[in-house]
Amino acid sequence: MNTQHETTGIMLKTHARGVRRVTLAVTCVAAITSLAACGPDNAGNASGPASSSAPGTSTGSQAKPNGIEKQSGKEIYLKATQANADAKSFREQATSSKQKTDLKLSATECVGTVNKLQQGSFEIIRKDNDIWVKADAQFSAGVKAHGGAIPSDKWLHGTPSNLLMKALGTYCHQEQFTKPGKGPGDLTVGKSTTVNGVSVVPASMKVGDKGVTYYVANTGTPNLIKREVTGRDDLPTISYSDFGKPVGAGAPTGEIVEAPNH
């Protein structure tokens with residue numbers, strides 16, 4: 001959600017954190033690159049619709065029109081990503097052909113699940129510089145097959161100084177709060193519609209059969225409610241909700257294994 005791009009083709013590659021790669025010159029890099037180091041645009045079970053906004057936020061059916069649809073497509077995008085950053089926290093649910101993720105995020109916290117579909121899944125918690133990950137047996141085996149090491153059904157704890165934990169932590173992509181999106185190229189503003197129970201205005205770009213649409217609340221706070229990608233099923237469609245709700249990250253209970261600090 002916070003990359004700069006000139007065309008839709010570039011935008012669809014760089015804007016979606018679902019295709020980011022972590023290049024690390026260590027043995028476990030192959031495992032991280034293929035199994036773990038990808039997060040959505042802006043993170044496991046995202047099959048259901050995003051839930052409603054948090055109490056105290058103004059995005060919703062009772063909110064007053066904010067006039068965002070009168071702005072240019074790029075201005076709508078910029079105001080939407082900034083509004084999400086200003087919310088201080090939100091829930092992000094993403095779905096692609098490769099993975100489903102469901103994360104609660106803030107600039108310093110992250111709680112949720114990542115389902116790599118055919119490669120297993122893991123739970124993740126991040127609070128400040130501490131990262132905890134609990135992988136299922138399939139994901140653990142996949143990392144091991146590529147030369148890495150992560151226990152199954154136990155919490156692995158570490159910090160970004162450990163390259164494995166750093167790669168897994170990319171799913172939290174908390175730069176959405178510290179460096180919101182600069183905006184893609186020209187976006188076409190469409191007619192108002194409703195997404196996840198919220199009145200929105202779409203701003204979209206398309207090149208050939210590939211495109212992206214940002215749905216922005218046109219009542220109350222102009223939050224980005226959904227990002228929908230077409231023509232690229234490997235890139236995630238993402239829903240945002242629960243703006244301003246506490247993330248509640250903290251050290252997990254149960255057996256914890258410490259990751260090496262390298």
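Let me start with the aromatic rings, where the count comes to six aromatic pairs in what is, I should say at once, a predicted model. One of these pairs is formed by Tyr77 and Tyr214, and it is edge-to-face, with 4.7 Å centre to centre and 70 degrees between the planes. Because Tyr77 lies in helix H3, residues 73-86, and Tyr214 in strand S10, residues 210-217, this pair ties together parts that are 137 residues apart in sequence. Tyr77 counts as buried, at 1% relative accessibility, and Tyr214 counts as buried too, also at 1%. Elsewhere, ring pairs link Phe90, Phe177, Tyr240 and Phe243 into a cluster.

Now to the disulfide. A disulfide is a covalent bond between the sulfur atoms of two cysteines. How many does a search of the whole structure find? It finds one, and this disulfide joins Cys110 to Cys172, with 2.2 Å from S to S. Since Cys110 lies in strand S3, residues 109-115, while Cys172 sits in the loop between helix H5 and helix H6, the pair ties together parts that are 62 residues apart in sequence. Cys110 counts as buried, at 0% relative accessibility, and for Cys172 the value is likewise 0%, so Cys172 counts as buried.

Finally, the nonpolar cores. The largest one has 45 residues, and those with the most contacts inside it are Phe122, Ile124, Val133, Ile150 and Leu168. If we leave aside its neighbours within four places in sequence, Val133 is in contact with several residues, among them Phe122, Ile124, Ile150, Met165 and Leu168. There is also a second, separate core of five residues, which includes Ile125, Trp132, Trp155 and Ala249.

Definitions and conventions:
Residues numbered from 1 in each chain as written. Predicted model: local features only at pLDDT ≥ 70, side-chain atom pairs only at ≥ 80, totals over all residues. Heavy atoms only, no water. Disulfide = S-S within 2.5 Å. Helix = DSSP H or I, 4+ residues; strand = E, 2+ residues; numbered from the N terminus. Buried < 20%, exposed > 50% of the residue type's maximum accessible area, 1.4 Å probe, protein only. Core = buried A, V, L, I, M, F, W, Y, C linked by side-chain atoms within 4.5 Å. Contact = heavy atoms within 4.5 Å. Phe/Tyr/Trp six-rings, centres within 6.5 Å; stacked < 30°, edge-to-face > 60°.
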